[in-house]
Amino acid sequence: MNQESQKNAMAMAPTSSQELAELVAELHKENKPWHPCGMNTRMNWGPPINGDSQAISSRGIHQIIHHAIDDLTITVEAGLSLTELQKTLSEKGQWLAVDWPWGSSPILKPKSTGTIGGLIARGLSGSLRQKHLGVRDQLIGIGLIRSDGLEAHAGGQVVKNVAGYDLMRLLCGSWGSLAFITQLTLRTEPIKSAHSYLTINGKLQNIESFRSELLNSSFTPEYIDWKKETIKIWHLQLGLASVTNKALEDQIEGIQRLANKHELKTQHQEWDGPPNLDNTSENLSTRKINFLLRINMPPSMIIELINSEELNSLSCWEWRFGAGTGLGEGWEVNSQTSNYLKSTNDISRLRNKITKLGGQVVILIQPFNTINRISAWSNSPSAALIKAIKKQFDPKNQIAIGRLPGVSS
């Protein structure tokens with residue numbers, strides 16, 4: 001067990017928001033550092049927490065507060081697992097239109113999906129952003145506990161405590177560095193009855209031309225992903241959904257005609273539909289992954305990245321990029337032969353290449369104990385503003401020290 005895991009294994013887990021607020025207030029009074037966590041599924045992601053920090057888990061606050069079925073909203077406590085949330089919604093024919101976090105195995109390991117609070121704190125959108133936008137776009141209300149233990153709400157039931165801030169957008173993607181998220185009100189969607197997905201194969205340049213024309217067409221896939229597994233070549237995968245089988249078939253036939261126009265081959269396969277997005281994550285949950293990269297770049301530049309020496313120098317890696325969003329991930333799949341020094345050098349070169357293409361790279365997973373550790377994220381052009389906001393929320397610098405997005409540590 002590494003140092004980071006040991007910290008979170010000893011997490012305190014209050015069983016109510018009031019108990020949590022009292023604990024945070026006491027830590028504030030004593031000037032003791034602390035950091036939020038959930039089920040401890042992804043606390044090794046991103047930069048490590050600096051120093052001796054008390055972990056506080058949300059797993060003790062996990063109730064469904066209110067499900068407004070007709071209004072398509074649900075209010076839950078932050079410690080509720082994403083698996084349990086989707087299961088509850090599916091019983092009413094609804095779902096939260098977000099991807100399972102990378103590496104989840106909701107069937108084999110239900111807790112591996114983590115908590116809904118952790119999902120919001122990281123703010124990482126996946127393939128479904130193509131149709132349903134990001135996780136922050138599903139968020140309409142939030143409850144939080146400030147660094148001094150005071151409770152506040154924003155969004156649907158607003159209690160303004162800091163004039164001028166959009167608290168929901170600030171906290172979504174803050175990695176727990178500003179406050180403790182306790183409660184969330186989220187948009188839900190009806191589950192469509194008909195689902196399928198298409199795999200598109202052919203010459204890369206033909207696929208790129210198809211991708212460009214598809215995005216400017218009237219077709220509305222749930223997701224459009226560039227994918228590359230270790231033993232396969234680059235291809236596109238499209239997830240499709242509709243309210244009737246006939247409407248779905250019409251959409252499939254139209255996309256196949258477009259693919260034929262670009263001299264591409266299509267393969268039609270069944271898809272269980274949301275929230276079962278695909279089977280990629282099921283296979284990842286049992287692997288030991290040394291490196292996982294999160295990439296955000298202009299979609300039109302992905303083809304140049306795919307063809308680049310920098311990306312292809314990383315052997316035994318798998319890749320997935322949103323063809324319409326530019327959001328993607330890459331992960332090393334053969335950790336037995338990993339050379340840390342070579343990997344970190346190659347990743348640094350790739351990061352420089354992606355930066356030149358107008359994108360960004362976040363190192364989500366890397367070995368904690370290597371001396372060649374790469375900064376999880378680069379300094380943002382707005383790093384000074386980010387630090388100023390952090391000071392407003394956490395004047396004593398107690399929360400998740402060393403884990404402030406956009407500020408290199």
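Me: Contact means heavy atoms within 4.5 Å. How much of the chain's contacts with a separation of 6 or more comes from residues 24 or more positions apart?

Reply: They account for 74%. This is a predicted model, where local features need pLDDT of at least 70 and side-chain atom pairs pLDDT 80 or more, while totals use all residues. Numbering runs from 1 along each chain as written, and side-chain values use heavy atoms, without hydrogens or water.

Me: What makes a residue of this chain count as buried, and how many do?

Reply: Under 20% relative accessible area (1.4 Å probe, protein chains only). Of the 409 residues, 54% qualify.

Me: What makes the 39 residues a nonpolar core?

Reply: They are buried Ala, Val, Leu, Ile, Met, Phe, Trp, Tyr or Cys, joined through side-chain atoms within 4.5 Å. Phe210, Trp226, Leu236, Trp319 and Phe321 have the most contacts inside this core. Helix 8 (residues 245-261; a DSSP run of H or I, at least four residues) gives the most, 5 residues. Beyond its neighbours within four places, Leu236 touches Ile207, Phe210 and Trp226, among others. A second, separate core has 31 residues, including Ile74 and Leu171.

Me: Why are strand 3 and strand 4 called a pair?

Reply: Pairing needs at least two DSSP bridges between strands (E runs, at least two residues). Strand 3 and strand 4 (residues 73-77) have 4, in the antiparallel sense. Ala68 stands opposite Thr73 in strand 4.

Me: What makes strand 3 (64-68) and strand 7 (151-155) edges of the sheet?

Reply: The open sheet runs 3-4-8-6-7. Strand 3 and strand 7 each have a single partner strand, so one side of each lacks a neighbour in the sheet.

How values were computed:
Buried < 20%, exposed > 50% of the residue type's maximum accessible area, 1.4 Å probe, protein only.
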